[in-house]
Amino acid sequence: MTTVEHRSPNGFNLVPPPGWDVIPLYTGTQEAMNRIVHKAVKQLPVGFPKDDIPKARMKLTQEMKKVVRRARAKGGMTLYLPTERLHGVALPVSIVASEPIEVPRVRPNSGPEAVLAALASETPGAELRELDDTAALRSERDVPADAAQGVDVAHRQVEYFVPIPDSTPDRYLAFSFSALIAPGSDPAFYDTLVELFDAVMSTFRWSYA
């Protein structure tokens with residue numbers, strides 16, 4: 001009788017869209033930020049005053065640090081950002097992959113699928129999906145601006161919650177997409193951005209290397 005060996009993946013692969021950059025939040029963060037700021041400065045419009053370039057570089061660096069701090073505060077381990085304009089538009093979006101967390105089972109003999117089903121029943125806008133042959137939970141909602149809760153700007157948020165196969169104890173990854181909502185903007189624009197995120201998540205693959 002042949003015994004099938006199961007092993008837990010030690011990572012994942014995700015393919016961001018063209019014009020996006022990846023910022024690791026554990027090591028190499030500063031180098032990645034420097035690269036992105038350098039690229040952004042090179043993309044300044046023709047005729048941009050040379051004397052204002054240092055000020056623009058400083059502002060970009062400050063914004064990058066702010067985004068990184070927020071991602072780390074959410075337990076992020078990898079940050080994905082668009083660093084090139086799309087048809088002249090700077091996309092106000094980001095993707096954060098969070099470090100694995102442990103979640104207890106619903107029942108001693110149940111698996112992650114029972115946890116996902118329980119979460120789906122309690123989470124508005126949630127539905128079960130599949131990523132690389134693994135059951136996952138997807139949820140979507142609009143988050144209003146609320147200064148008391150630390151939410152400065154309204155945004156559309158989409159999250160994927162994915163159990164790591166054969167992990168002991170059960171551990172889960174979370175991927176969070178956020179798109180800032182400008183007052184009076186067309187909801188269809190944000191629907192398109194959400195479709196972009198779903199397309200990115202369709203490239204998700206476990207890594208066993």
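**Exercise 1. Is Met58 buried or exposed, going by its relative accessible area?**

Solution.
Step 1: note the ground rules. This is a predicted model, in which local features need pLDDT of at least 70, side-chain atom pairs count only at pLDDT 80 or more, and totals for chains, interfaces and linings use all residues. Residues are numbered from 1 along each chain as its sequence is written, and side-chain values use heavy atoms, with hydrogens and water left out.
Step 2: fix the classes. Buried means under 20% relative accessible area, exposed over 50%, and partly exposed in between, with a 1.4 Å probe and protein chains only. The areas come from the Shrake-Rupley method with a 1.4 Å probe; for residues, only the protein chains shown count as cover.
Step 3: apply them. Met58 has a relative accessible area of 53%, so Met58 is exposed.
Step 4: place the residue. Met58 sits in helix H2. Its C-alpha atom is 18 Å from that of Ile23, and the two residues are 35 apart along the chain.

**Exercise 2. Describe the chain as a whole.**

Solution.
Step 1: count the elements. The chain has 4 helices and 9 strands. These are DSSP runs numbered from the N terminus: helices are H or I with at least four residues, strands are E with at least two.
Step 2: read the order. From the N terminus it is β-β-α-α-β-β-α-β-β-β-β-α-β.
Step 3: get the extent. Along the principal axes, the C-alpha atoms fill a box of roughly 75 × 40 × 30 Å.
Step 4: get the cover. Of the 209 residues, 37% are buried. The accessible surface is about 12,800 Å², with 55% belonging to carbon and sulfur atoms.
Step 5: check the contact range. Contact means heavy atoms within 4.5 Å. Among contacts between residues at least 6 apart in sequence, 58% join residues at least 24 apart.

**Exercise 3. Trace the strand pairing from S3 to S7.**

Solution.
Step 1: set the criterion. Two strands pair if DSSP finds at least two bridges between them.
Step 2: start at S3 (76-82). S3 pairs with S4 in the antiparallel sense over 4 bridges. Leu79 has Val96 in S4 as its bridge partner.
Step 3: move to S8. S4 and S8 run antiparallel and are joined by 8 bridges. Ile95 is bridged to Phe177 in S8, and Ser98 stands opposite Ala174.
Step 4: finish at S7. S7 and S8 pair antiparallel over 9 bridges. Tyr160 faces Phe175 in S8.
Step 5: check the cover of S8. In S8, 7 of 10 residues are buried.

**Exercise 4. Which residues does His155 contact, beyond its neighbours within four places in sequence?**

Solution.
Step 1: locate His155. His155 lies in strand S7, residues 155-163.
Step 2: list the partners. They are Arg141, Asp142, Val143, Ser178, Ala179, Leu180 and Ile181.
Step 3: classify. At 10% relative accessibility, His155 is buried.

**Exercise 5. Characterise the two largest pockets.**

Solution.
Step 1: define the object. On a 1 Å grid over the protein atoms alone, a pocket is an open set of points with protein on both sides within 12 Å along at least five of seven lines, and lining residues have an atom within 4 Å of a point; a cavity is a set where a 1.4 Å probe fits but cannot get out. Grid points are joined across faces, edges and corners, and a volume is the space filled by probe spheres set on the points.
Step 2: take the largest pocket. Its volume is about 1,500 Å³. It is lined by 39 residues, and Glu63, Val67, Leu81, Leu91 and Pro92 are the closest to its centre. H2 gives the most to this lining, with 10 residues.
Step 3: sort the lining. It has 22 nonpolar, 7 polar and 10 charged residues. Nonpolar covers Ala, Val, Leu, Ile, Met, Phe, Trp, Tyr, Cys and Pro; charged covers Asp, Glu, Lys and Arg; the others, Gly among them, are polar.
Step 4: take the second largest pocket. It holds about 260 Å³. Of its 14 lining residues, Gln157, Glu159, Ala174, Phe175 and Ser176 lie nearest its centre. S7 gives the most to this lining, with 4 residues.

**Exercise 6. Find the unusual backbone angles.**

Solution.
Step 1: check omega. Thr168 and Pro169 are joined by a cis peptide bond, with omega about -5°. Pro169 is in the loop between S7 and S8.
Step 2: check phi. Asp132 is not a glycine, yet its phi is positive, about 50°. Asp133, also not a glycine, has a positive phi of about 65°.
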